[in-house]
Amino acid sequence: MSRPSDGSRGAQSGRPSIGQRFAAWRLHHRQMLVSGFTRLYRKPVATGMTVAVIGISLALPASLLVLVQNVKQVSGSWQGAARISLFLKQGLSDRVVQQAAAATRSTEGVTGLQIISADQALAEFKNRSGFGDALTLLGDNPLPAVLVVQPDAAHSTPETANQLGKTLAKLPQVDRVRLDVQWLRRLQAILDILGRAVLVIGCLLGLAVILIVGNTIRLDIEGRRTEIEVSKLIGATDRFIRRPFLYYGAGYGFTGGVLAWVLVTVSLALLGGPVSRLAGLYGSDFSLTGAGFSGALMLLAGGAVLGWLGAWLAVARHLRDIEPS
């Protein structure tokens, strides 16, 4: 005699099978998801105020993060403009200067080179110093030839540019090397501070979103206290009761993330024109860039996660205090 299958045994015993339980679980999640977003529109004024606060709280760190990214983009082009000045020994002939220039060009990390001869350096010094008449009394030219080196992108940071300068200083024709990278170090320090500030502000405002959603869910729990007591009387578990509130909180966070994305996009659109015109005055084609698709997706997902977390904390705190009498 053949043994009945698990599904037939479940049907004969009156208990649902695993597949039926999973289908019911999935259906309930889908219903709670739709219900969570639907409840947001039942009180449009209160919902709008809460979503506005959440959206602004998320938009502030997102805007600062976009600002830091744009500043880093600008700093990258500034770092590409770093220069290394090689002051050659005095009295070198033009042939020796050209040999030094050829050796410099063949060095790894050098992408451009400008030769300033001793005569050109003296003429420029006369024009800029205002001592032209006094300098004509000098018998010999006291200034050496200079090689202005343009490093490539990989050697434009303070550390790599300094290493390249040490390598070029080993050339026999070079007397001394001047590398002004202090401003690059200061710029990187400022960017690091801005990055830390964005992280701190983001954490604080994220905590604010959690508290805002948690307080909203707490009020909703108190308003549905009788319904929760009845649900517990008929055997509903805490997990079953908690589920709609979690989707409700995630809906608040997701909607706030959408509003934050809109605020960031509008702000960039308002600032884009003036920034482009200012960059044009400096001969640059720089323009503001947004967070992109990945940034928008992270903003929406982050808002939903913060809303879900705020709802979970509120439900975990207040749901166990509600017991049917």
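Which residues in α8 meet which residues in α10? Here are some notes to answer that and to walk you through the rest.

1. First, what you are looking at. This is a predicted model, in which local features need pLDDT of at least 70 and side-chain atom pairs count only at pLDDT 80 or more, while totals for chains, interfaces and linings use all residues. Residues are numbered from 1 along each chain as its sequence is written, and side-chain values use heavy atoms, with hydrogens and water left out.

2. The overall picture. You'll find 11 helices and 4 strands in the chain; these are DSSP runs numbered from the N terminus, with helices being H or I of at least four residues and strands being E of at least two. Of its 325 residues, 34% count as buried (under 20% relative accessible area, with exposed meaning over 50% and partly exposed in between, using a 1.4 Å probe and protein chains only). About 20,000 Å² of the chain is exposed, and carbon and sulfur atoms supply 62% of that (areas come from the Shrake-Rupley method with a 1.4 Å probe; for residues, only the protein chains shown count as cover).

3. Contacts along the chain. Take the contacts with a separation of 6 or more: residues 24 or more positions apart account for 83% of them. Contact here means heavy atoms within 4.5 Å.

4. Back to the opening question, α8 with α10. On the α8 side there are Val213, Thr216, Ile217, Asp220 and Ile221, and they meet Phe245, Tyr248, Gly249 and Tyr252 of α10. Sorted by class, the residues of this contact are 6 nonpolar, 2 polar and 1 charged (Ala, Val, Leu, Ile, Met, Phe, Trp, Tyr, Cys and Pro count as nonpolar, Asp, Glu, Lys and Arg as charged, and the others, Gly among them, as polar).

5. The geometry of that pair. Two packed helices are described by the angle between their axes and the distance between the axes. Helix α8 covers residues 182-223 and helix α10 residues 238-281; their axes come within 10 Å and cross at roughly 140°. That makes α8 oblique to α10 (under 35 degrees is roughly parallel, over 145 roughly antiparallel, 65 to 115 roughly perpendicular, and the rest oblique). The axes are lines fitted to C-alpha atoms, for helices over the stretch in contact, and angles run from 0 to 180 degrees between N-to-C directions. α8 passes α10 in a right-handed crossing, meaning that the near helix is turned clockwise from the far one by less than a right angle, with anticlockwise being left-handed.

6. α8 with α11. Helix α11 spans residues 292-318, and its axis comes within 7 Å of the α8 axis, crossing at roughly 45°. α8 is therefore oblique to α11. This crossing is right-handed. Among the residues that meet here are Gly206, Val209 and Ile210 from α8, and Leu306, Gly307 and His318 from α11. By class, the contact has 11 nonpolar, 5 polar and 1 charged residues.

7. α10 with α11. These two pack at an angle of about 145°, with axes 7 Å apart, and their crossing is right-handed. The meeting residues include Arg242, Phe254 and Trp261 in α10, and Ala296, Leu299 and Trp312 in α11. The split is 15 nonpolar, 5 polar and 1 charged.

8. Two residues of α10 to click on. Gly249 lies in α10 and is buried, at a relative accessible area of 0%. Beyond its neighbours within four places in sequence, Gly249 is in contact with Val213, Ile217, Gly307, Trp308 and Ala311. Its C-alpha is 8.2 Å from that of Trp312, 63 residues apart along the chain. Pro244 is in α10 too and counts as buried at 11%; from Pro244 to Ala311 is 67 residues in sequence and 9.8 Å in space, C-alpha to C-alpha.

9. One spot in a strand. Val174 sits in β4, residues 174-179, and is buried, with a relative accessibility of 8%. Apart from its neighbours within four places in sequence, Val174 touches Leu86, Phe87, Leu88, Lys89, Leu168 and Ala169. Val146 is 28 residues from Val174 in sequence, and their C-alpha atoms are 9.1 Å apart.
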